[in-house]
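These exercises practise reading charged side-chain pairs from a model. Work through each task before you read its solution.

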Amino acid sequence: MGATCCSGAENKDNHTEAKDPPVSVVAGLPGSTKAEEVVQKKVASGQEFNVKVTKRANVRLGVDVDLCDGTALLVDKVSDDGLVSEWNKANPHAQVEKGDKIVSVNGKRGDADTLAQVCKTDDELDLVVQKKV
């Protein structure tokens, strides 16, 4: 399917909006007086996050999905190449993994066949992924 980015503030729907990870200054580390530490909190079980990808020639989305429940796309496998794999490498705190569900694609929600079709036809994909519980 697709790749996306995520980390940031939650809204009332248990949804995390994609943002740059917060940076905090940590003082008093051994051997230094000041250091910067990037704080990237992993997306929690059951929480939703956004993944935004743009298709390119000869690059697949790179996920195998199951339409089992009829309402979402269950991620069966993320291939080593593809847009989702690229997303995962760039966003280790918000990786799409086996067992996650793609619950929305470009604003469409509730019908797995429609979600799969949008993934096949649209070039810009805004995925909402729910972490496995």
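A residue counts as buried under 20% relative accessible area, as exposed over 50%, and as partly exposed in between. The model used here is predicted.

**Exercise 1.** Classify Arg56 as buried, partly exposed or exposed, and find which residue pairs with Arg56 in a salt bridge.

Solution. The relative accessibility of Arg56 is 43%. Partly exposed covers the range between 20% and 50%, so Arg56 is partly exposed. Its salt-bridge partner is Glu86, with the closest N and O atoms 2.8 Å apart. Glu86 belongs to helix 1 (residues 83-90), while Arg56 sits in the loop between strand 5 and strand 6, so the salt bridge links parts 30 residues apart in sequence. Glu86, at 37%, is partly exposed.

**Exercise 2.** Determine which parts of the chain are tied together by the salt bridge of Arg109 and Glu48, and whether Glu48 is buried or exposed.

Solution. The N to O distance between the two side chains is 3.7 Å. Arg109 lies in strand 9 (residues 108-109) and Glu48 in strand 5 (residues 48-54), so the pair connects parts 61 residues apart in sequence. Glu48 has 12% relative accessibility and is therefore buried.

**Exercise 3.** State how many salt bridges the model has, and name the residues that form a network through shared partners.

Solution. The count is five salt bridges. One of them joins Lys101 and Asp69, whose closest N and O atoms are 3.7 Å apart. Lys101 lies in strand 8 and Asp69 in the loop between strand 6 and strand 7, so this pair ties together parts 32 residues apart in sequence. Salt bridges with shared partners join Glu97, Asp100 and Lys131 into one network.

Note on methods:
Residues are numbered from 1 along each chain as its sequence is written. This is a predicted model: local features need pLDDT of at least 70, side-chain atom pairs count only at pLDDT 80 or more; totals for chains, interfaces and linings use all residues. Side-chain values use heavy atoms; hydrogens and water are left out. A salt bridge is a side-chain nitrogen of Lys or Arg within 4 Å of a carboxyl oxygen of Asp or Glu. Helices (H or I, at least four residues) and strands (E, at least two) are DSSP runs, numbered from the N terminus. Buried means under 20% relative accessible area, exposed over 50%, partly exposed in between (1.4 Å probe, protein chains only).
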